[in-house]
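Here are a couple of exercises on how parts of a protein model meet. Have a go at each task before you read its solution.

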Amino acid sequence: MTALLEIRDLHLSMSSYEGSADVLNGINLTVNRGEIWGLVGESGCGKSLTGLSVSRLAPSPPAHYSKGQILLEGRDLLPLTQREMQKLRGKRIGMIFQDPTTNLNPAFRIGEQLTDVALAAAAQDDTILDCPAHSSNRTRRAAAWSLAVEMLEKVGIPNAQSRLASYPHEFSGGMRQRVLIAMAMIGRPDLLIADEPTTALDVSVQAQILKQIKANVAEYDMGVVLITHNLGVVAQTCSHVAVMYAGNIVENGPVAAVIGNPVHPYTRALLSAIPTKDTKRGALKGLAGAVPNLINPPPGCRFAPRCAFAQPACTKATPPPETVGPNHSAACIRAAEMEALIHA
Amino acid sequence: MPDTTPMLEIENVSKIYPGRRGMFGSSAAVHALTDVSLAVKRGESFGLVGESGSGKTTMTRSILQLETPSAGVIRFMGKDMAQLSAVEMRRLRAKIQIVFQDPYASLNPRMSVHDIVTEPMLIHVETLGLNARQRTDRAAELLSLVGLGPQYLRRYPHEFSGGQRQRICIARALASGPELLLLDEPTSALDVSVQAQVLNLLFELQDKLGLTYFFISHDLAVVRYLCDRVALIYHGKIVEQGSSDEIFDNPKGDYARMLIGAMPEVRVYAE
């Protein structure tokens, strides 16, 4: 079976005045239908760029893909022209971004923005609108409109019919984010890329939105890449997780394995930085230092300078992923002895 | 005998923003705060938790006297702030300082760290009575206190990371020798690893300086970690108030239960 999304050894560099930065340094990720992959890490570690690369929205230049493949059901996206990509966006790949305020056009009604996306997607696949291919523009538009009503209802907006005539400013932040989810879902994409979809929202709204995304995965059998810096969100929503650090995936696997039994020192550090109900005051462990400068990254393992378990060998070469459990791997040369090191 | 007057007392405070009738129609009055009462003890960390639009900001602005409450009394160290003269108020202001949410927006990019940290000392020069040299010395001292060091005095905000900037904001807030620090979501713009460092710094400072914190946040995990007592605010009303353990382990109202239930917990998978 071909995977829905397969990223193979993706290398992305960004050129700037100071030199070229390797922002993605060999990313490997496989997403199947029905899976929700969480992509976590600190700011500046390449989470968003991985997401943007899949939808080919990373501006190029300065972005340059030196190596690798992004396969959507076996078809490599990197050689495609922007025109060909446009056909995939909205129809095959749906996207939700962090800030719901800036991602809706303030000058158009919600309904128009939703139907536009639906019509664009229907140009690829007539079954979306459920009306014959030779229908007039008017019938198509009407069908798109009723589809928009249906989608808005699905994401839990009351009075969807009348709300379609509203402008974005008449909605609250959480409602706008739901509109964006409806917009991402209206073309029935196979793959949804959600880049920090709930970061700007309150916890109660966040819980509803995440539930919504989960429900959509079950209903449409799609795959999701959920980019977030909140490990709580990952634990609550995702089936799998990939932890990123400075352009590398340092640990990945099923959520229960990675969060319940983290192996890579970076994953462990991230988890211990989150206060829980049993954390004693002042006992929270921060992670000293900052994400390295990617123009001149540290040699070998990029986490080595901040790592408590670093050895001279760590700076020799980029550590390959080591299997540490079923479907669970960590890119650390000391992965095998980590269990013993922690308890020492 | 220890002073038992609460640091901050808020009694039956309401704030109503009047509606408007204008060219584009009218708007109804907004009840931002309704009959809010709470007391913050000396030396404790008090957390105010609520969603966006619940009145957290109006509350902070009222405490800082940037907003006049429509009803009720706010007492700081036993004094009704509304009754103070302008001079007395200015003196009192040195004792209440605030750290804002976004360290990228709350530092003037054209001021050096030295200027940023000494500015409050300049404003409160009558109260503090420090000359230029003493101010610089104190700025250096404050930077060391927040874990940065005097070598950064001549740098500008853009040279710092988010966590370092928040440290500068904390140093600035401490410059006038405050007793009460309002912390308005001080870590929500930061990564978890950096957030942990800033939270630990806040603890150390409280230990060293005996500060009182009024902590505003929607991140329940952080509030639980940092605060002794917590109040939940919903639609401008305090719906629940009590010790952190009480509220988080045994929430009484529906709203509190919903909010705490929505908290994304990482530990569901921990062994």
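**Exercise 1.** Find which side chains meet A:Arg306 or A:Glu42 in a salt bridge, then describe the contact between domain 1 and domain 2 of chain A.

*Solution.* Start with the pair itself: A:Arg306 and A:Glu42 join through their side chains at 3.1 Å, N to O. That passes the salt-bridge rule (a side-chain nitrogen of Lys or Arg within 4 Å of a carboxyl oxygen of Asp or Glu).

Next, place the domains: the assignment, automatic or from a database, puts domain 1 of chain A at 5–238 and domain 2 at 262–342. Between these two domains the count is 1 salt bridge.

Now the contact, meaning heavy atoms within 4.5 Å: 13 residues of domain 1 of chain A touch 11 of domain 2. About 1000 Å² is buried there, 57% from carbon and sulfur atoms; buried area is the accessible area (1.4 Å probe) the two parts lose on being put together, summed over both.

A word on the source: this is a predicted model, where local features need pLDDT of at least 70, side-chain atom pairs count only at pLDDT 80 or more, and totals for chains, interfaces and linings use all residues. Side-chain values use heavy atoms, without hydrogens and water, residues are numbered from 1 along each chain as written, and chains are lettered from A and ligands numbered from 1 in the order written.

**Exercise 2.** Work out how many residues chain B and chain A each bring to their contact.

*Solution.* Count each side: chain B brings 33 residues and chain A 38 residues. Then take the area: the chains bury about 2900 Å² between them, with 57% on carbon and sulfur atoms. Finally, check for salt bridges: the rule finds 0 across this interface.
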